Amino acid sequence: MQTAAKNGIAQQAEIGAETQTARQTWFAGAISVATSHWPEYLIEAACLGLFMVSACSFTVLLQHPGAILRQMFPSAFLRRLLIGVAMGLTAIALIYSPWGKQSGAHLNPSITLTFYRLGKIGSWDAWFYVVAQFVGGTLGVLLSASIWGDAIAEQNVRYAATVPGGHGSGVAFVAELVISFLMMTMVLNVSNSARIARFTGVIAGALVATYITIESPLSGMSMSPARSFASAVPGRIWNSLWIYFTAPPIGMMLAAQVYLWLRGKHAVFCAKLHHDNDKPCIFRCNYQALLTPITLKETM
């Protein structure tokens, strides 16, 4: 009996030691990655914050009843077009900026998690990217509130929040899923083509502009849990937030799955939206293979 008890105590001590070692390894891994890649995390936060400042600012300028531009352009469609062009250009500027070239300019947890699903991002990098995007986006809206004051809370502005349109939550969910699917399909096919990869950011910006102009009456046009959360927090606009936490990642994951079926995992070379630059890459990168032509001899 004493021997069995001693054996049990020894086994418990061994399990406890293994658990402690695992926790130390887990913590050490997080610290190591964060210490090495913190500039990319800060860039993701700053870029989404800037995107949200742009979104809030143009929404105030074009949707607030007292704004001169709102009075100049009475057409709701034209105002959406102008906001869409402004936000598309904002996205393009961020993607091709030195910061965007370094972090990869995801600016969206749905994109980050999809590339994680594809094996191009380490688990800690994915986690820190997502946290940075939520924090940066929210700070961007709070900064906008300090700039615009009460105007940002006006009924037609509402912190540039994304909310379902008049057709209801079901239509908004489907719309978000579809536009997210199409965006990620474009990103994967264009960024993994040596011939047109450099145009990924331009096409992404054009899609943002198109979606805001045409699709936003259905869902508000988000594609990003962090973007919707950033507006929801200061505005306390929680209705239907679940749509923007589920439909965009599902849509992008579906796009990734279709891409894998059609082209295979080997055809995903990196997780950057713009890679042809001299910035460091923290991802599981194989971009040089995309640029290296395969000769007939090598395939035989």
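These are my notebook entries on the helices, the cores and the empty spaces of one protein structure.

**Entry 1: the overall fold**

I began by noting that the model is predicted. I then looked up the secondary structure and found 13 helices and zero strands, so that entry needs no more than a row of α symbols when read along the sequence. The protein has 300 residues, and 47% of them count as buried. I also looked up how far apart in sequence the contacting residues lie: among contacts with a separation of 6 or more, 75% are between residues 24 or more positions apart.

**Entry 2: the nonpolar cores**

Next I asked myself which residues have the most contacts inside the largest nonpolar core. They are F115, M183, M184 and M223, in a core of 67 residues. Helix α1, which covers residues 2–63, gives this core its largest share, namely 13 residues. Apart from this core lies another one of six residues, and I wrote down A232, L241, Y244 and A247 as being among them.

I followed M223 a little further, leaving aside its neighbours within four places in sequence, and listed its contacts as N108, S110, E176, I179, S180, M183, V208, Y211, P248 and M252. One of these, M183, is also on the list of residues with the most contacts inside the largest core.

**Entry 3: the largest pocket**

I turned from the packed parts to the empty space. Rolling a probe the size of a water molecule over the atoms shows where such space is left. The largest pocket holds about 950 Å³ of space, and 41 residues line it, with T162, I212, G220, M221 and R227 the closest to its centre. I sorted the lining by class and noted 25 nonpolar, 12 polar and four charged residues.

Which helix supplies the largest share of the lining of this pocket? I found that it is α3, with seven residues. The helices that each supply at least two lining residues include α1, α3 (76–96) and α7 (169–191), and also α8 (200–214) and α9 (216–219).

**Entry 4: a closer look at T162**

I chose T162 for a separate entry, since I had listed T162 among the residues closest to the centre of the largest pocket. I located T162 in the loop between α6 (123–148) and α7. Is T162 buried or exposed? The relative accessible area of T162 is 6%, and because the cut-off for buried is under 20%, T162 counts as buried.

The side chain of T162 makes a polar contact with the side chain of S228, at 2.6 Å. Leaving aside neighbours within four places in sequence, I listed the contacts of T162 as S219, G220, M221, S222, R227, S228 and Y244. Of these, G220, M221 and R227 appear with T162 in the list of residues closest to the centre of the largest pocket.

**Entry 5: the cavities**

How many cavities of 30 Å³ or more does the structure hold? I found two. The largest cavity holds about 70 Å³ of space, and its lining includes S191, N192, F269, C270, H274, H275 and Y287. By class, this lining has five nonpolar, four polar and one charged residues.

The second largest cavity holds about 50 Å³, and T162 came up again here, since the lining is made of A161, T162, V163, S228, S231, A232, I237, N239 and L241. Helix α10 (residues 225–235) gives the largest share of this lining, three residues. I closed the entry with the classes, which are five nonpolar, four polar and no charged residues.

Key:
Residues numbered from 1 in each chain as written. Predicted model: local features only at pLDDT ≥ 70, side-chain atom pairs only at ≥ 80, totals over all residues. Heavy atoms only, no water. Core = buried A, V, L, I, M, F, W, Y, C linked by side-chain atoms within 4.5 Å. Buried < 20%, exposed > 50% of the residue type's maximum accessible area, 1.4 Å probe, protein only. Helix = DSSP H or I, 4+ residues; strand = E, 2+ residues; numbered from the N terminus. Contact = heavy atoms within 4.5 Å. 1 Å grid on protein atoms, 1.4 Å probe; cavity = no way out; pocket = protein on both sides within 12 Å on 5 of 7 lines; lining within 4 Å. Points joined across faces, edges and corners; volume = space filled by probe spheres on them. Nonpolar A, V, L, I, M, F, W, Y, C, P; charged D, E, K, R; others polar. Polar contact = N/O pair within 3.5 Å; in protein donor to acceptor, adjacent residues only side chain to side chain.
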